[in-house]
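Student: Take me through one part of this fold in some detail, please. I'd like to hear about a sheet and whatever packs on it.

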Amino acid sequence: MWVGDKGKIVGKFEPVDLRSLLEKLIEFMNPLAKEHGVSLAWAGSSGPTAEAFGDREMLEQVFSNLLSNAIKYNKPQGRVSISLREDPDGLVVEIQDTGLGISQEHLPLIFDQFFQISRGQTKTMKGSGLGLSIAKKIVEAHNGQIDVTSTPGAGSTFTVQLPKAPRGGVSA
């Protein structure tokens, strides 16, 4: 990802096979998941190619960050499940975990730059507080949306909606 002048995210937009991208990230993140005692897998069966219109590297950064967080802030023997579906508005990726969860008072703030939840369970986990802020900027640069629902002690679900790639190629 490259952020240019005035914070504008610059990238090459093309059809991106989200299923393939997510499968590769699951394989890449499996050692981290095992290290944390967390299972990482597709929810449901795999399906056909689902092409979003975007920058592959930037989308990889978004989902890598979400998967990494779902693993690091999970419980021992916890689970992270990833699903991908088409809906009338585009493609929807959900990353659901059985982790620590986020309190309702913090939910509106988690996409803010440098925001980090301070709680005893996460004291040993380091981060810059930029990951979710950057993920939101990338998703919005793709004309998409990112949302979260969460229950403290039960886990979180991050939902990313992205536009589908145009059929029959990209028009200039």
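Tutor: Let's start with one pair: Thr149 has Thr157, in E9, as its bridge partner. This is a predicted model, where local features need pLDDT of at least 70 and side-chain atom pairs pLDDT 80 or more, while totals for chains, interfaces and linings use all residues. Numbering starts from 1 along each chain as its sequence is written, and side-chain values use heavy atoms, leaving out hydrogens and water.

E8 and E9 (155-162) run antiparallel, joined by seven bridges. Helices (H or I, at least four residues) and strands (E, at least two) are DSSP runs numbered from the N terminus; strands pair if DSSP finds at least two bridges between them.

Zooming out, the open sheet has five strands, ordered E4-E6-E7-E9-E8, with mixed pairing. E4 (39-42) and E8 (145-151) are the edges, each with a single partner strand, so one side of each lacks a neighbour in the sheet. On average, neighbouring strands are turned by 15° against each other, direction ignored.

Now the helices. H2 (56-72) packs on the sheet, touching E4, E6 (79-87), E7 (90-97), E8 and E9, and H3 (131-141) packs there too, touching E8 and E9. Contact means heavy atoms within 4.5 Å.

The H2 and H3 axes come within 9 Å, crossing at roughly 145°. Axes are lines fitted to C-alpha atoms, for helices over the stretch in contact, with angles from 0 to 180 degrees between N-to-C directions. Among the residues making this contact are Met58 and Leu66 of H2, and Ile134 and Ile138 of H3.
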